[in-house]
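Subject: Structure for your review

Dear colleague,

Please find below the structure I said I would pass on. My notes on the ligand site and the cysteines follow it.

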Amino acid sequence: MNGERMTAIKNGVKIGVGSVMAPAGLDPLVIKGDFPILSRIINGHKLIYLDNAATTQKPSCVISALRNYYENQNANVHRGLHTLAEEATAAFEATRKKVAEFIGSVKPEEIIYTRNATEAINLVAYSWGRHNLKPQDRIVLTEMEHHANLVPWIVLAKETGAELKFIPIDGDGLLDLENIDRIISEDTKLVALTHMSNVLGTINPVAEIARIAHHNGALVLLDGAQSVPHLPVNIKEIDADFYAFSAHKMLGPTGIGILYGRESILQKMEPFLFGGEMISEVDFEKATWNVLPWKFEAGTPNIADAVAYGSALDYLTDLGMEAVRSHEMDLTAYALRKLSELDSIKIFGPMDSRLRGGAISFVDRQIHPHDLATFLDSRGIAIRAGHHCAQPLMRRLGVGSTARASFYIYNTFEEIDEFVGAIAEARRYFVNE
Ligand SMILES: Cc1ncc(COP(=O)(O)O)c(C=O)c1O
């Protein structure tokens, strides 16, 4: 397995693409070899996968970890007294430790397995929100939230009488913090925002916002679905109270997500779901709860996917998250430049790649995003088109939908050239240009 991972690393080698150079230490062409799906031919063309903000592809080591688990270790965790149960438990808990390390060496007890980022945020809304909010309390969000970090708070505000306030965005797709002291007030109990926007790509100044929130006595929840896969993240430095993300957006399997929670806060929270592993003792009419993190993990968990997620974390750790970020920043700068050369394209979000990740939303003035995505698919290029689960943001941007290309470790400059070339071709097809 280690051998498979190591093939992705080619230290010190620079690859040149025209005048653009990839950073040393990460070679997307070598990495591609670790991803069987990337050799697929789609509609007669080699697949160019640019839908990484929706989900990423899986390397062979993750696929084999999943298979290895079912072939050699499959058993239920924690309660077994036989060898398989002990091995399955050790593998399941080993990933928890890797996650804790990956996001800045927090305690494994602070890492709770969920199904995905959405469930992690809902866990906080149910367990913390329903016990800690009252009428007139304030929940602060931003205008760029994914529905996963909006709808749970809309429902909670309705139930508790709390009010929602939104930090606006400016014309560049950055948060407008001018009135932040009025928005995050002493009545604010929670500030919940995305670390990196899945539409605009914007990387938000989360440490600064956390400082202001804590100064006002509010907790901070960060939606890390787009940031943990793409940036080095240190939760202790950011000082977040909750942090949610999904394995499938960072080379891992679907069906496994993470909620980080500060231990002192998790200790005081009631469980979200009841039964199974979250129990300590049960009598006919009462029950007590297990210790952290299992207090929040009712029933048989998603063992196999958690185990395979460990291999995804190893893969990213071997590459180095600094190298991942650097490669994506270069790809993003290149794509922004190439796209802006097309007069018909309007790009949303910051144009400076240092302020953003590699999810680029754009519209063509004459071609509907769905038509564009379908045309690109006919050339083997996978992008996304739609509202990206951010309908209020779409309204704020004055569009119904956008096209979105999003990059990861296996994407190359040549693929961006082909993608931009295919948009020009689409214009010849649809607009007769
Ligand atoms: C910013 C952001 N938050 C939350 C989510 C939800 O992730 P999941 O569907 O894995 O729960 C996504 C998924 O696209 C996202 O981009």
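In this predicted model, an N or O atom in the side chain of His-146 lies 3.4 Å from an oxygen atom of the ligand. The side chain of Ser-246 also offers an N or O atom to a ligand oxygen, here at 2.6 Å. At Ala-117 the partner is a polar backbone atom, 3.3 Å from an oxygen atom of the ligand. On its own the ligand has 390 Å² of accessible area, and the protein covers 88% of that.

The ligand is surrounded by 14 residues, of which Thr-118, Asp-223, Gln-226, Ser-246 and Lys-249 come nearest. Sorted by class, this shell holds eight polar, four nonpolar and two charged residues. As for pockets, the largest one is the space that the ligand takes.

On the cysteines: how many disulfides does the model have? With a cut-off of 2.5 Å between cysteine sulfur atoms, the count is zero.

Two cysteines can be placed by their accessibility. Cys-61 has a relative accessible area of 1%, so it is buried, the limit being under 20%. Cys-389 has a relative accessible area of 33% and is therefore partly exposed, between the limits of 20% and 50%.

Regards

Definitions and conventions:
Residues are numbered from 1 along each chain as its sequence is written. This is a predicted model: local features need pLDDT of at least 70, side-chain atom pairs count only at pLDDT 80 or more; totals for chains, interfaces and linings use all residues. Side-chain values use heavy atoms; hydrogens and water are left out. A residue is near a molecule or strand if one of its heavy atoms lies within 4 Å of it. A polar contact is a pair of N or O atoms within 3.5 Å; within protein, one must be able to donate a hydrogen and the other to accept it, and residues adjacent in sequence count only if both atoms are side-chain atoms. Accessible areas come from the Shrake-Rupley method with a 1.4 Å probe; for residues, only the protein chains shown count as cover. On a 1 Å grid over the protein atoms alone, a cavity is a set of points where a 1.4 Å probe fits but cannot get out, and a pocket is an open set with protein on both sides within 12 Å along at least five of seven lines; lining residues have an atom within 4 Å of a point. A molecule sits in a cavity or pocket if more than half of its atoms lie within 2 Å of its grid points. Ala, Val, Leu, Ile, Met, Phe, Trp, Tyr, Cys and Pro count as nonpolar, Asp, Glu, Lys and Arg as charged, and the others, Gly among them, as polar. Buried means under 20% relative accessible area, exposed over 50%, partly exposed in between (1.4 Å probe, protein chains only).
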